[in-house]
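Reader: I've got the viewer open and a pile of questions. Mind if I just fire away?

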Amino acid sequence: MENKIFCPVCREDHEYTIRNEKETYPVKNEPVTIDADVTYCSVCGEQIWNQEIDDDNLKKAFRIYRDKHDLLQPEEIKRIREKYTLTQIAFAQILGLGEKTIARYESGSLQDSAPNNLIFLAKYPDAFKILLEKNKEHISESCYEQAR
């Protein structure tokens, strides 16, 4: 794979370098400083925006924010859901969340504390059973039986 990207200063594709630098991202109106990978044009030396690298940097900032605010990480949410062998949609329906919510959280989107607390409580079988019974009409009978 070629290591080239469009440089808006040079106005053409060039090879680039990546440097590790401290950067601060605003996450929910709070500054979060990370060790970020930053892309630079190898010809003119200007910083270049790189979608993939910037997405990774934002994920790093979200992880730090989650740790600081005691929020579940995406892999923890996935583990809780998989504990009950549920799809993302079925798990969301049992929790009373939107159908795409769990998919977004497992992919790295940042959750608020209220849905986070609900997912956290679902980790405990007794709490999950209450939610399952309360919302069983929102899922298929086979999902219900599987989750029980």
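Reader: Is Lys 100 buried or exposed?
Author: Buried means under 20% relative accessible area, exposed means over 50%, and partly exposed is what falls in between (1.4 Å probe, protein chains only). Lys 100 comes in at 56%, which means it counts as exposed.

Reader: Before I trust that, what kind of model is this?
Author: Residues are numbered from 1 along each chain as its sequence is written, and side-chain values use heavy atoms, with hydrogens and water left out. Local features need pLDDT of at least 70, side-chain atom pairs count only at pLDDT 80 or more, and totals for chains, interfaces and linings use all residues, because the model is predicted.

Reader: Okay, back to that lysine: how far apart in space are Lys 100 and Gln 88?
Author: Lys 100 sits in the loop between helix H3 (88–95) and H4; helices (H or I, at least four residues) and strands (E, at least two) are DSSP runs, numbered from the N terminus. Along the sequence, Lys 100 and Gln 88 are 12 residues apart. From C-alpha to C-alpha, the spacing of the two is 7.6 Å.

Reader: And what is the distance in space between Ser 109 and Asn 135?
Author: Ser 109 belongs to the loop between H4 and helix H5 (113–122). Its relative accessible area is 30%, so it is partly exposed. In sequence, Ser 109 and Asn 135 are 26 residues apart, and C-alpha to C-alpha they are separated by 24 Å.

Reader: Which residues does Ser 109 touch, not counting those up to four places away in sequence?
Author: A contact here means heavy atoms within 4.5 Å. With residues up to four places away set aside, Ser 109 touches Arg 66 and Arg 104.

Reader: Zooming out, what pattern does the chain follow along the sequence?
Author: The secondary structure comes to seven helices and four strands. Reading along the sequence, you get β-β-β-β-α-α-α-α-α-α-α.

Reader: What is the radius of gyration of the chain?
Author: The globule rule is 2.2 Å times the number of residues to the power 0.38, and the radius itself is taken over C-alpha atoms. The C-alpha atoms fill a box of roughly 60 × 30 × 20 Å along the principal axes. A compact globule of 148 residues would have a radius near 15 Å, but this chain has 21 Å.

Reader: How much of the chain is made up of buried residues?
Author: Of the contacts with a separation of 6 or more, 50% come from residues 24 or more positions apart. As for buried residues, their share of the 148 in the chain is 39%.

Reader: Now the backbone: what is phi of Lys 28?
Author: Most residues other than glycine have a negative phi. Lys 28 is in the loop between strand E2 (12–27) and strand E3 (30–41), and at 41% relative accessibility it counts as partly exposed. Its phi is positive, near 50°.

Reader: And what about phi of Asn 29?
Author: Asn 29 also lies in the loop between E2 and E3. At 83% relative accessible area, Asn 29 is exposed. Its phi is another positive value in a residue other than glycine, near 65°.

Reader: How many salt bridges does the structure hold?
Author: The rule is a side-chain nitrogen of Lys or Arg within 4 Å of a carboxyl oxygen of Asp or Glu. By that rule, the number of salt bridges is eight.

Reader: Which residue does Asp 35 form a salt bridge with?
Author: The closest N and O atoms of this bridge are 2.7 Å apart. It links distant parts of the chain, with Asp 35 in strand E3 and its partner in strand E2, 13 residues apart. Asp 35 is partly exposed at 39%, whereas the partner is exposed at 61%. That partner is Lys 22.

Reader: Which residue does Lys 60 meet in a salt bridge?
Author: The N to O distance is 3.9 Å. The pair links helix H1 (residues 51–68), home of Lys 60, to strand E3, 23 residues apart. Lys 60 is partly exposed at 30%, and its partner, partly exposed at 29%, is Asp 37.

Reader: Last one: are Arg 81 and Glu 106 buried or exposed?
Author: Their side chains meet in a salt bridge at 2.6 Å, N to O. Arg 81 is in helix H2 (residues 74–83) and Glu 106 in helix H4 (residues 101–106), 25 residues apart. Both Arg 81 and Glu 106 are buried.
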